[in-house]
Amino acid sequence: MKNKLSILISLSLIIAAFVFYSCEKELDRPPIKVLDESQILTIKDLYDIHAEKGDDYVFTEDYMLFATGAMDDSSGNIYKEAYLQDSTGGINLYKLSHAGVLKVGQYVRINLNGSSIKNYNGKMEIIFAKVLDFRKSMVVQSYGQFIEPVEIDNLNQIYEGTWDCQLVKIKNVEFIPGDTSKTYANLGGSSAQNRTVQDCNGKTLVIRTSDYAKFAGTELPKGNGDIIGIITKYVNSYTNTVTWQLLVRDPKEVNLNNPRCGS
């Protein structure tokens, strides 16, 4: 009995020593690495880097971008991509691993290592050489950070290029008479369609919608009012002409219920 008791006491002492040693080792762990502020970039920084280095430059270090989802691909109007914004501008995030990776209102941190900034026919994009894996390159910092659209009451503000790839609310516009009998796009089609809105001064803006959008077959409203969406730029590489476009996120954000111009 005494021998058994001695063995039990010895085992207890060994276990206690091991636990104490483990706790001591836990305390010796180094603190979590703090991000180097010199490697945190803004969207404006990305535009500047592209202006200096062009499409061929690829990030080879762990530079970080913090930005908020302004448009996702949940409506089908875009696919495996998203639009991001911070306080300095907006940009397209292209070539995601699968649809639904990023949602509107998510504030994310993206590791830019392996990516490049491309000018795709006038639209600025973050593109990864390999498909962006959400689990490895992008981390959601917080949710519900919804961006308030900038209110535009003069289409000339769009043509100046200030709001490229950003969320805006275009005020006091209506679809041109020739489009009021149409739908946003061709339901069952395989391309994208242009529809045109105008203000009461005759200034126009293209509404660009994919045939794969869930609302492609929805009839266009016939009144005047406000439209929320993402502004993009398309440059025709043959003629070098610039077309400003608006991408609708949801037809619920197209509120054209007022009388038309001149009514």
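Colleague: Over how many bridges do S2 and S5 pair, and in which sense?

Modeller: Happy to start there, with the reminder that this is a predicted model. One of the bridges places Leu65 and Ile110 of S5 as partners. The two strands, S2 and S5, run antiparallel, and the number of bridges between them is five.

Colleague: Which residue of S8 does Arg109 stand opposite?

Modeller: S5 is joined to S8 as well, again in an antiparallel arrangement, by four bridges. Arg109 has its place in this pairing, and the residue opposite in S8 is Val139.

Colleague: Which residues have the most contacts inside the largest nonpolar core?

Modeller: In soluble globular proteins, nonpolar side chains tend to gather in buried groups. Here the largest such core holds 23 residues. Helix H2 (43-53) supplies at least two of them, and so does each of several strands, including S2 (64-71), S5 (107-111) and S8 (138-142). The residues with the most contacts inside this core are Leu46, Leu84, Leu93 and Ile126.

Colleague: How many residues does the other core have?

Modeller: That other core lies apart from the largest one. Among its members are Leu155, Ile170, Tyr184 and Trp244, and its residue count is 21.

Colleague: Which cysteines form a disulfide?

Modeller: A disulfide is a covalent bond between two cysteine sulfur atoms, and a pair counts here when the sulfurs lie within 2.5 Å. The model has one disulfide by that rule. Its sulfur atoms are 1.9 Å apart, and the two residues are Cys200 and Cys261.

Colleague: How many residues apart are Cys200 and Cys261?

Modeller: This pair links distant parts of the chain. Cys200 sits in the loop between strand S11 (192-199) and strand S12 (204-210), while Cys261 belongs to the segment after strand S15 (254-258). The link is left-handed, with -85° about the S-S bond. Along the chain, the separation is 61 residues.

Colleague: Is Cys200 buried or exposed?

Modeller: The cut-off for exposed is over 50% relative accessible area. Cys261, at 27%, is partly exposed. Cys200 has 53% relative accessibility, so Cys200 counts as exposed.

Colleague: And Cys165, is that one buried or exposed?

Modeller: Buried means under 20% relative accessible area. Cys165 has a value of 0%, so Cys165 is buried.

Colleague: Which residues is Gln166 in contact with, leaving aside its neighbours within four places in sequence?

Modeller: Gln166 lies in the loop between helix H4 (156-159) and strand S10 (167-175). With a relative accessible area of 10%, Gln166 is buried. Leaving those sequence neighbours aside, its contacts are Gln85, Gly89, Gly90, Gly229, Ile230 and Ile231.

Notes. Residues are numbered from 1 along each chain as its sequence is written. This is a predicted model: local features need pLDDT of at least 70, side-chain atom pairs count only at pLDDT 80 or more; totals for chains, interfaces and linings use all residues. Side-chain values use heavy atoms; hydrogens and water are left out. Buried means under 20% relative accessible area, exposed over 50%, partly exposed in between (1.4 Å probe, protein chains only). Contact means heavy atoms within 4.5 Å. A nonpolar core is a set of buried Ala, Val, Leu, Ile, Met, Phe, Trp, Tyr and Cys residues joined through side-chain atoms within 4.5 Å. Two strands pair if DSSP finds at least two bridges between them.
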